[in-house]
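Me: I would like to go through some labels used for this model and see what each rests on. Please set each value against its cut-off.

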Amino acid sequence: MKVANTIEEVQAQIAAWKADGLTIGLCPTMGYLHEGHASLMDASVRRCDRTVASVFVNPIQFGPTEDLADYPRDFEHDCELLEAHGVDLVFHPEPSEMYADDFCTYVDIDVLSKTLCGKTRPIHFRGVCTVITKLLHIVDPDCIFFGQKDAQQLAIIRRMVRDLNFRVDVIGCPIVRESDGLAKSSRNTYLSPDARRAAVILSRAVRLGQDLVEAGETDSRRLTDAMKAKLAEEPMADPEYVEAVDGLSMQPVETFKPGDLVAMAVRVDGTRLIDNFTVGDPKISFE
Ligand code: AMP
């Protein structure tokens, strides 16, 4: 496995692979990798001849009061995981390699970025779209892999790729969970033992939502009210939103249908966690 810190190194390797007619998969990450990230690498290795992972804590997707400085990092461990999962090239740039001092060109997306996480993170998706655009230009992959855990991000990237005519297949991968149901996340490391125990309330609320859908519920308000009531059972949990939105446009729906998204952001003892399910997908299970 090669590690590249510069765009030039990446592009030289990509050119050599393309000259040999090899297909390339790209898995963008912010590092502090876990089995959720690894599932993206596995999907890419299965589908493409060569897999590139990026490990880059993208400063421009963090708001001024967010956790950029504290975001967990462990590049050595990341490389062990990436190598074990068959990644061929890791792109690990410094922020200055990605953003010149006078950088001022952004890719912004309207409508889809205004709901759910976009309400409290107004510049987040602009930062995401900009860095993914840069990575798509640098790596020029055949396929790019994202987790369903960040469902709004996945919908936004699909729309950006369609709207701006990027020639890449966007592949969504299912949420990987801990055995008790908590969605794996680099930010879970912020949780104290008590908060970690409390955090299972998110997946309990997801499961309740799925049970209600299975029982025939189609009214968004009734569904999300029931999920909020479940979250309220946990005193450490402070919901930011629980919403049902159209699966493509991310706009609120009154009555939901298969393919729509039911998503939540919840602060547990101050740590912001997200979870979701897509209506019609298999129900989650946990111990
Ligand atoms: P991050 O490093 O948090 O930016 O995540 C990088 C990619 O990994 C994103 O596409 C995430 O959606 C995906 N990812 C993170 N956690 C999980 C998980 N538990 N299951 C599936 N994909 C995940």
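Me: How far is a nitrogen atom of the ligand from a polar backbone atom of K184, and what makes the pair a polar contact?
Reply: The model is predicted: local features need pLDDT of at least 70 and side-chain atom pairs pLDDT 80 or more, whereas totals for chains, interfaces and linings use all residues. Residues are numbered from 1 along each chain as its sequence is written, and side-chain values use heavy atoms, with hydrogens and water left out. The distance from the ligand nitrogen to the polar backbone atom of K184 is 2.8 Å. A polar contact is a pair of N or O atoms within 3.5 Å, so the pair counts.

Me: Which ligand atom pairs with the side chain of H37, and which with the backbone of M30?
Reply: An oxygen atom of the ligand in each case: 2.9 Å from a side-chain N or O atom of H37, and 2.9 Å from a backbone N or O atom of M30.

Me: Why are α9 and α10 called roughly antiparallel?
Reply: Helix α9 (residues 200-214) and helix α10 (residues 220-232) cross at roughly 150 degrees, their axes coming within 9 Å. Angles run from 0 to 180 degrees between N-to-C directions, and those over 145 count as roughly antiparallel, so the label applies to α9 and α10.

Me: What kinds of residue make the contact of α9 with α10?
Reply: Contact means heavy atoms within 4.5 Å. Residues meeting there include L202, L208 and L212 in α9 and L223 and L231 in α10. The residues of this contact divide into 11 nonpolar, one polar and two charged.

Me: What makes α6 and α7 oblique?
Reply: The axes of α6 (residues 124-139) and α7 (residues 151-163) cross at roughly 55 degrees and come within 11 Å. Oblique is what remains after under 35 degrees (roughly parallel), 65 to 115 (roughly perpendicular) and over 145 (roughly antiparallel), so α6 and α7 are oblique. Their crossing is right-handed. Among the residues that meet are F125 and I132 in α6 and I156 and M160 in α7; the contact divides into nine nonpolar, three polar and no charged.

Me: Why does α1 get the oblique label against α6?
Reply: Helix α1 (residues 7-19) packs on α6 at about 45 degrees, with the axes 8 Å apart. That angle therefore makes α1 oblique to α6. The contact is made by I7, V10, Q11 and I14 of α1 and H137, I138 and V139 of α6, dividing into five nonpolar, two polar and no charged.

Terms used. Helices (H or I, at least four residues) and strands (E, at least two) are DSSP runs, numbered from the N terminus. A crossing is left-handed if the near helix is turned anticlockwise from the far one by less than a right angle, and right-handed if clockwise. Ala, Val, Leu, Ile, Met, Phe, Trp, Tyr, Cys and Pro count as nonpolar, Asp, Glu, Lys and Arg as charged, and the others, Gly among them, as polar. A polar contact is a pair of N or O atoms within 3.5 Å; within protein, one must be able to donate a hydrogen and the other to accept it, and residues adjacent in sequence count only if both atoms are side-chain atoms.
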